[in-house]
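Hi there,

I'm handing over the structure I mentioned, and I hope you enjoy looking through it. Please open it first, and then read on.

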Amino acid sequence: NDSISKIEKVLYGLEVLTIKGGEPFADIRNIRILKKLYEINPSCRVFIVSNMYTITPEAMEILKMAKPGTLDVSASIDGVGRVYDWIRSNHFEHTIKTMEKYYKETGNKITINVCISLYNFFHLDKILDYFKNKEYVEWINFENITTRPPWCDINCLPEPIFNAQIKKLEKVFNKKKIRADFKSLIKQVWWPRFKGTTGKEIFFKEMEKMNTHRGFDLCDHIPELKIWRDSP
């Protein structure tokens with residue numbers, strides 16, 4: 001409480017406030033800070049990075065206090081349907097309903113933030129297809145990439161498979177509302193590539209652990225991973 005009080009004392013002079021994970025809407029102290037901010041400094045620009053799974057009625061009312069153009073909320077979405085369920089451990093349809101409700105009640109559009117990894121590298125076009133025409137989406141951001149742990153880095157893929165997918169994505173992603181530059185993303189991947197099949201072996205070993213935990217096989221929803229897994 002003392003720490004929150006210190007934050008509240010400086011809210012009047014802030015120009016920008018960013019709130020991010022853990023999940024912002026799961027911590028009632030964040031809601032307390034936002035309420036105070038909008039009471040004393042409603043012109044402050046606010047950025048919230050959320051999984052958008054649940055926003056309580058109390059939090060929604062406070063978000064509605066924001067002046068037009070001052071609130072930017074982004075949703076961490078790494079897949080659609082069962083791929084989302086597997087990666088994020090939440091239910092996709094519930095998250096979509098929350099985003100739709102947020103847009104309906106506040107009028108603010110959402111940025112979709114996708115974290116690219118080996119788990120969803122062959123699924124990115126499905127994410128684009130789902131969200132590209134949604135009224136509540138402002139941008140779809142494909143500029144974040146996972147490099148750790150190294151066995152879920154997309155550079156674990158064999159060169160021909162990797163290059164073919166990059167070429168496919170560069171054609172598909174040349175659209176409005178999209179932020180993506182795969183050539184620059186590749187340059188940022190600094191973790192050394194695995195030699196031989198070591199990366200592949202670890203990747204699918206770890207995936208199988210999560211398959212057991214989730215109750216279904218991710219490869220059943222991403223055929224390209226299944227083909228790679230079953231190849232020599």
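Below is what I found, going from the whole chain to single residues.

One thing to keep in mind throughout is that this is a predicted model.

**The chain as a whole**

The protein chain has 232 residues, and 46% of them count as buried. It holds ten helices and six strands. Its accessible surface comes to about 12500 Å², with carbon and sulfur atoms making up 52% of that. If you take the contacts between residues at least 6 apart in sequence, 78% of them join residues at least 24 apart.

**The first two strands**

A good place to start is strand E1, which covers residues 16-19. Which residues of E1 are on its covered face, and which on the uncovered one? Leu17 and Ile19 make up the covered face, while Val16 and Thr18 make up the uncovered one. This fits a general pattern: in a regular strand the side chains alternate between the two faces of the sheet.

E1 pairs with strand E2 (residues 45-50) in the parallel sense, over four bridges. One residue of the covered face, Ile19, has Ile48 as its bridge partner in E2. Between the two strands the chain passes through helix H2 (residues 28-40), and this β-α-β crossover is right-handed.

**The core**

The largest nonpolar core has 67 residues. Which of them touch the most other members? They are Leu34, Met99, Ile112, Phe121 and Phe131. Leu34 links back to the strands above: leaving out residues up to four places away in sequence, it touches Leu17, Ile19, Val46, Ile48, Ile62 and Leu63.

Another residue to click on is Ile110, in strand E4 (residues 110-116). Is Ile110 buried or exposed? Its relative accessibility is 0%, so Ile110 counts as buried. Beyond its neighbours within four places in sequence, Ile110 is in contact with ten residues' worth of surroundings that include Met52, Val73, Ala75, Met99, Tyr102 and Trp139. Ala75 is 35 residues away from Ile110 in sequence, yet their C-alpha atoms are 6.9 Å apart.

**Salt bridges**

Side chains of opposite charge can pair when their charged atoms come close. A search of the whole structure turns up 14 salt bridges.

One of these joins Lys64 and Glu105, at 3.6 Å from N to O. Lys64 sits in the loop between helix H3 (57-63) and strand E3 (71-76), and Glu105 in helix H5 (residues 92-106), so this pair ties together parts that are 41 residues apart in sequence. Lys64 counts as partly exposed, at 37% relative accessibility, and Glu105 is also partly exposed, at 31%.

Asp125 takes part in two salt bridges that I looked at: with Lys126, where the closest N and O atoms are 3.8 Å apart, and with Lys168, where they are 3.7 Å apart. Why does the pair of Lys168 and Asp125 tie together parts that are 43 residues apart in sequence? Lys168 lies in helix H7 (residues 159-172) and Asp125 in helix H6 (residues 124-131), so the link runs between those two helices. Asp125 counts as buried because its relative accessibility is 10%, under the 20% cut-off. Lys168, at 35%, counts as partly exposed, as does Lys126, at 40%.

Shared partners also join Glu61, Lys64 and Glu105 into one salt-bridge network.

**Backbone details**

Two peptide bonds deserve a look. The bond from Gly21 to Gly22 is cis, with omega near 5°, and Gly22 lies in the loop between E1 and H2. A cis bond also joins Arg148 and Pro149, with omega about -10°; Pro149 is in the loop between strand E5 (137-145) and H7.

Two residues have a positive phi without being glycine. Met52 has a phi of about 55° and lies in the loop between E2 and H3. Ser89 has a phi of about 70° and is placed in the loop between helix H4 (82-88) and H5. Are these residues buried or exposed? Met52 is buried, with a relative accessible area of 0%, whereas Ser89 counts as partly exposed, at 46%.

Happy exploring, and best wishes!

Key:
Residues are numbered from 1 along each chain as its sequence is written. This is a predicted model: local features need pLDDT of at least 70, side-chain atom pairs count only at pLDDT 80 or more; totals for chains, interfaces and linings use all residues. Side-chain values use heavy atoms; hydrogens and water are left out. Buried means under 20% relative accessible area, exposed over 50%, partly exposed in between (1.4 Å probe, protein chains only). Two strands pair if DSSP finds at least two bridges between them. A crossover is right-handed if, with the strands pointing away from the viewer, the path from the first strand over the helix to the second runs clockwise. Contact means heavy atoms within 4.5 Å. Accessible areas come from the Shrake-Rupley method with a 1.4 Å probe; for residues, only the protein chains shown count as cover. A nonpolar core is a set of buried Ala, Val, Leu, Ile, Met, Phe, Trp, Tyr and Cys residues joined through side-chain atoms within 4.5 Å. A salt bridge is a side-chain nitrogen of Lys or Arg within 4 Å of a carboxyl oxygen of Asp or Glu.
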